[in-house]
Every structure is written in C-alpha cells, then in structure tokens.
Amino acid sequence: MKTQVAIIGAGPAGLLLSQRLDLEGVDNIVLESQSREHVLSRIRAGVLEWGSVEVLRESGVGDRMNAEGHLHDGTDIVWSGTNRLTLNTRVYADRPMMAYGQTNITEDLYAARDAAGQPIVHEVEEVVLHDLESTPSVTFSKNGRVERIDCEFVAGCDGFHGVSRSSIPPTQRREFEKVYPFGWLGILSETPPIDEIVYANSERGFALCSQRNPMLSRYYVQCALDTNLDDWPDDRFWEELKARFPSEIADSIITGPSIEKSIAPLRSYVSEPMRWGRLFLAGDAAHIVPPTGAKGLNLAISDVFYLARALSRFFNHHDDRYLESYSDMALRRVWGAARFSWWLTLLLHRFPDQGPFDLRAQEQELDYLSTSEAYMRSVCEQYAGLPFES
Ligand code: APR
Ligand code: PHB
C-alpha cells in the first residue's frame, strides 16, 4: 500500500486528522489496534473549548454537536461549605463552552469517514515505524498477514501507550512528568444532570458534577490511588458525592443506577519535541493532562488543527514552513493547557501532605479569584482556551 500520510491510531486525534486531510485532498490511511466497537465504547471527558467547536464545525462534523451539545456560559466552583463562584467564560472571555462527549465526537468522525468511503484498518497488530528520517514506511499484521504502507509522513496519534513516541530515540526527546497522589472515581448515569458544571473543593476531597446530555450525567469524586471499585456500590458513591457539595446542590442531584464506573489516576506528562524526522506526534501520544479542566481532548484537536494545516500546505502549496514550526507551535498550546490543568488540580484537590498553611493558601486563592476581575479574566481566558496561532 502507498499513501501520503500514515495515521497511527483512530482516537479523536487520528480520526480528525484523517477527516481534515481528506477535505484538503491529502491521501491518508488510518491504522487502529482495537476494534471499532472498542474505540466507541470508551468514556472520556466532554467539555469543548469554543476553538474546538469551531474546528469540528469546519471539519464537517458539527451537525449533531450543534443540535445536541449543551452550550454553557459558566462553570461553578464551591468551597469551604458555602462559598461559590462562577467561571463565566462568556462574560470574561467572550466565548461560551460546549458540553458534548468525546464518545459522540468519535461517532461523528467515524460517520464522516464512512461517508467519505475511507475505511479505517482496525485490529492491526505489531505496528512498526521504519526509516522515519528518510523514506518512511509502516509495517503491521492483520489477520496473520504482514502488510506494509509506504508513505511520506507518519502521524503518531496512538495515545499514551502507542508505538509512535517510543519510535523516537530516547536521546532525541525529553520527558516532563508529574504524578498526583490520587485519582478520580467517575460514574455515568442515565439521569438528568444538574444545570451547571460544578467543581467542589471540600474537606472530604474534590468532586465534580458534569453532564453529557439531558438524560446522561457524569460525576466524579477524588479517591485514593489504591481504591477498589468493588468497594464502591452506587449508594456509597452517591452518598459521598452529595457529602462533598453544599446542600442546595446535593439536594438537586438526581441519582440512579450507574451505567459505567471507573477510576482514573491523575498525571501531567509532556514529551518534547513533537516531531522527529518525518514522524509527527499529536494528542495523547505526546502529552497527558490531568482531567481537571477537561483539556485533553481540546489539546488533541488543537494539535490536529496545526498538523493538518502544516501537511496541507506542504502537499498543496509546496510550503514546509508550518511543518518546520509544528512542534514549537503545538507545544506552546500544550504547555498552556498543561500549566492550567496542573494549577486547577492544585487549587481544587486535597493532598495527603497538605498542612493548615496550604489549606489557607488554597482558600485565599479562591477568595481572590471570586473578588478580582483581573484574575477572573485571566483564568476564564485559559479555561475557555487560548487562541490558535496563525
Ligand atoms: N497501533 C495502532 N493504534 C494504536 C496503537 C498501535 N500500536 N496503540 C494505540 N493505538 C490506538 C488506541 O487503541 C486508540 O484508539 O490509538 C488510539 C489513541 O486514541 P486516544 O487514546 O483517544 O488518544 P487521542 O486520539 O490523542 O485523543 C486524546 O483522548 O485520552 C483522551 O484525554 C484524552 O480526550 C483526550 C483524547
Ligand atoms: C467531564 O465531563 O468528564 C469533565 C468535565 C469537566 C472537567 C473534567 C471532566 O474539568
């Protein structure tokens, strides 16, 4: 097989890149190690920055999001029992946010790829990237047969555990990592969500009320890393969630059976640079953010925005300027979001080694945020998403 761009991974980054390249007339093949059913069964975050909404719309996958996504102006933070503030991005950053689940986005992207008649090669094994500094190729096996794709570029969109990042020699890259001493225990339930997205910094730990659609709610509580799901039947989860919110919010939470329950550890990670030879990394293949602030999917979308533009300029205009600057441009936004989600994680969680001084400092920062318009504007600008570079 032969193509211009071999895309490894059919998560949001790989599918969106395929879609955008196709719209620009750039030939590509997507390889995915899992089945389509497995890819579509993953439950991930669901808050989109306005820049992401615009990228999805201009990629021709905005129809269902426009109809079913929930526009919201504000995300609330509650702390110390009765204190409450709103990060109103429409007022302080001139743009709303959109609640629309990553699972839906992936479904919409699959539908668009199907409509374009572009098959995705699923359940591939033994993916190996070759000659990334000269004339790249990718080998893999499918149904026991070894296949080979000759290509001009490889896009590594294969997530944190993929092969792409590790195909870069360790001497050619640098890793930055922070592991947090807790996780999020999350559930999905077919119950109407509360009106807003609300974060709680409570003495029992962080909690979050979020949503996917009018009949699908997403809730989280901070948990110890050694938490066992078997110890968390639904009743215990609801009780703990409600105990972390003031009563006016707790009383409005509508409970019901969970349809999914899982624990996610929190980690910040960046690998630099995001390019080596003719390999370009995008999304979780290059970086992980803790879920606080819901930046992971948004970063995958912004990487793809830059990468699709760079490849299109190269193939359609013989201009490699954006390819040369891809890593630097993408990393500026990555670090913006990595710093913001690290900061929001520190602000909202209880840490095992936190003393009385640290707690007062956290309260002071929340108090300052609720009283200083300058600080509120800065936080909302980052929460709503920093602009893309032209
Ligand atoms: N070959 C082919 N595909 C692979 C390989 C491989 N060797 N290894 C992994 N994959 C696939 C995975 O099965 C997965 O479907 O690559 C895909 C990567 O998708 P994601 O992990 O969803 O990563 P990305 O597309 O970058 O999306 C980032 O996902 O994890 C969230 O918070 C993150 O919301 C963000 C988004
Ligand atoms: C989610 O809905 O999953 C979500 C919302 C806001 C966050 C993180 C996750 O900050």
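# Salt bridges and two ligand sites

The side chains of Asp22 and Arg113 form a salt bridge, at 3.3 Å from N to O, and this pair connects distant parts of the chain, since Asp22 belongs to helix α1 and Arg113 to helix α6 (residues 102-115), 91 residues apart. I should say at once that what we are looking at is a predicted model, and please keep that in mind throughout.

The two partners of this pair can also be described by their accessibility. Asp22 is partly exposed, with a relative accessible area of 29%, whereas Arg113 is buried, with a relative accessible area of 0%. Over the whole structure, the search returns 25 salt bridges, and I will pick out a few others.

The next pair is Glu49 with Lys295, whose side chains meet in a salt bridge with an N to O distance of 2.7 Å. Which parts of the chain does this pair tie together? Glu49 sits in the loop between β3 (47-48) and α3 (50-58), and Lys295 in the loop between β20 (287-288) and α9, so the salt bridge ties together parts that are 246 residues apart in sequence. Glu49 is buried, at a relative accessible area of 4%, and Lys295 is buried too, at 2%.

A further pair is formed by Asp319 and Arg321, whose side chains meet in a salt bridge at 3.2 Å, N to O. Here Asp319 is buried, with a relative accessible area of 18%, because the limit for calling a residue buried is under 20%, while Arg321 is partly exposed, at 49%. Besides these pairs there is a network, in which salt bridges that share partners join Arg64, Glu68, Glu107 and Asp108.

Let me turn to ligand 1. This ligand is surrounded by 24 residues, and the closest of them are Glu32, Arg42, Arg44, Gln102 and Asp284. By class, the shell around ligand 1 divides into 10 nonpolar, nine polar and five charged residues. Helices α1 (12-23) and α9 (296-317) each supply at least two residues of that shell, and α9 gives the most, with three residues. Helix α1 is thus a name we have met already, as the helix that holds Asp22 of the salt bridge with Arg113.

Which protein atoms lie 2.9 Å, 2.5 Å and 3.1 Å from oxygen atoms of ligand 1? The 2.9 Å distance belongs to a polar side-chain atom of Arg44, the 2.5 Å distance to an N or O atom in the side chain of Gln102, and the 3.1 Å distance to a polar backbone atom of Leu297. As for cover, ligand 1 on its own has 710 Å² of accessible area, of which the protein covers 88%.

Now to ligand 2, where 14 residues form the surroundings, with Tyr199, Ser210, Arg212, Tyr220 and Gly293 the closest. Its shell has eight nonpolar, four polar and two charged residues. Two tyrosine side chains approach oxygen atoms of this ligand: a polar side-chain atom of Tyr199 lies 2.5 Å from one, and a polar side-chain atom of Tyr220 lies 2.6 Å from one. From the backbone, a polar atom of Ala294 is 3.4 Å from an oxygen atom of ligand 2. How much of the 280 Å² that ligand 2 exposes when taken alone does the protein bury? The protein buries 100% of that area.

The strands around ligand 2 deserve a closer look. Both β15 (205-213) and β16 (216-223) supply at least two residues of the shell, and the largest share, three residues, comes from β15. A hairpin joins β15 to β16 through two residues, and the two strands run antiparallel, joined by six bridges, with Ala207 standing opposite Val221 in β16. Strand β16 also runs antiparallel to β13 (residues 174-189), and seven bridges join that pair, among them the one in which Ser189 has Ser217 as its partner.

Finally, β16 itself is mostly covered, with eight of its eight residues buried. In a regular strand the side chains alternate between the two faces of the sheet. In β16, Leu216, Arg218, Tyr220 and Gln222 point one way, and Ser217, Tyr219, Val221 and Cys223 point the other way, with all of them buried. Tyr220, which we met beside ligand 2, therefore belongs to a strand whose residues are buried whichever way they point.

How values were computed:
Residues are numbered from 1 along each chain as its sequence is written. Chains are lettered from A and ligands numbered from 1 in the order in which they are written. This is a predicted model: local features need pLDDT of at least 70, side-chain atom pairs count only at pLDDT 80 or more; totals for chains, interfaces and linings use all residues. Side-chain values use heavy atoms; hydrogens and water are left out. A residue is near a molecule or strand if one of its heavy atoms lies within 4 Å of it. A polar contact is a pair of N or O atoms within 3.5 Å; within protein, one must be able to donate a hydrogen and the other to accept it, and residues adjacent in sequence count only if both atoms are side-chain atoms. Accessible areas come from the Shrake-Rupley method with a 1.4 Å probe; for residues, only the protein chains shown count as cover. Helices (H or I, at least four residues) and strands (E, at least two) are DSSP runs, numbered from the N terminus. Ala, Val, Leu, Ile, Met, Phe, Trp, Tyr, Cys and Pro count as nonpolar, Asp, Glu, Lys and Arg as charged, and the others, Gly among them, as polar. Buried means under 20% relative accessible area, exposed over 50%, partly exposed in between (1.4 Å probe, protein chains only). Two strands pair if DSSP finds at least two bridges between them. A salt bridge is a side-chain nitrogen of Lys or Arg within 4 Å of a carboxyl oxygen of Asp or Glu.
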